[in-house]
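Open the model in a viewer with a cartoon representation. The stops below can be selected one after another.

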Amino acid sequence: MSHEIFFPVPPSQRVRYLIRYLNSLLELPCLPMLDLDAPHRSIAMAKITGPICDQEVAYCVYSLEKKRIKIERIVVHPDHRRGGIATCIVNAIAERYTPCTVQMTIEANNIKANEWARAVGFGATKFIRGCESSSDKVQLEFMEIGNIEK
């Protein structure tokens, strides 16, 4: 099987449904829906293709501000994790807007996301202390675009 990355994808009803479906598979009890119609946000989708499979299995919501890409959310279907899909999405977006800095903020206690981010070359640049309604977060940046590996 191979995968293809499509972006920017318009926030159609089908895309909104796919995002809600992928969010529902997460272990997080309630993941707020992002405002996909905000003018600064874009969506990337990853599709798995093969002889018996042809389906969207991941999405990424990101924004571009000058020379900085902010990844707001990246979600991969649990059955398709650890196959390099998230890495391919980040690479495809980053290569399109080179030269740039890729930045994302993730929950400090999300061990899998932190391990992935560090494995592909992101480094912590800031620790954000949570308040009563949110947990601690880590802000990460990756600056050498095109060198991210699985």
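Start with the whole chain: 41% of the 150 residues in the protein are buried (under 20% relative accessible area with a 1.4 Å probe, protein chains only). This is a predicted model, in which local features need pLDDT of at least 70, side-chain atom pairs count only at pLDDT 80 or more, and totals for chains, interfaces and linings use all residues. Residues are numbered from 1 along each chain as its sequence is written, and side-chain values use heavy atoms, with hydrogens and water left out.

Switch on a surface. The accessible surface of the protein is about 8,900 Å², and carbon and sulfur atoms hold 52% of that area (Shrake-Rupley method, 1.4 Å probe).

Colour by secondary structure next. There are three helices and seven strands (DSSP runs: H or I of at least four residues for helices, E of at least two for strands, numbered from the N terminus). Their order from the N terminus is β-α-β-β-β-α-β-α-β-β.

Select residues 54-65 and 68-76. These are strands β3 and β4, which pair in the antiparallel sense over eight bridges (pairing requires at least two DSSP bridges between the strands). Within this selection, Cys60 stands opposite Ile74 in β4. Two residues lie between the strands of this hairpin, and Lys66 takes a positive phi near 55° there.

Add residues 101-107, strand β5. β4 and β5 pair in the parallel sense over four bridges, and Lys70 stands opposite Gln103 in β5. To follow the connection, select helix α2, residues 85-96: the chain passes from β4 through α2 to β5 in a right-handed β-α-β crossover (with the strands pointing away from the viewer, the path from the first strand over the helix to the second runs clockwise).

Note on methods. Buried < 20%, exposed > 50% of the residue type's maximum accessible area, 1.4 Å probe, protein only.
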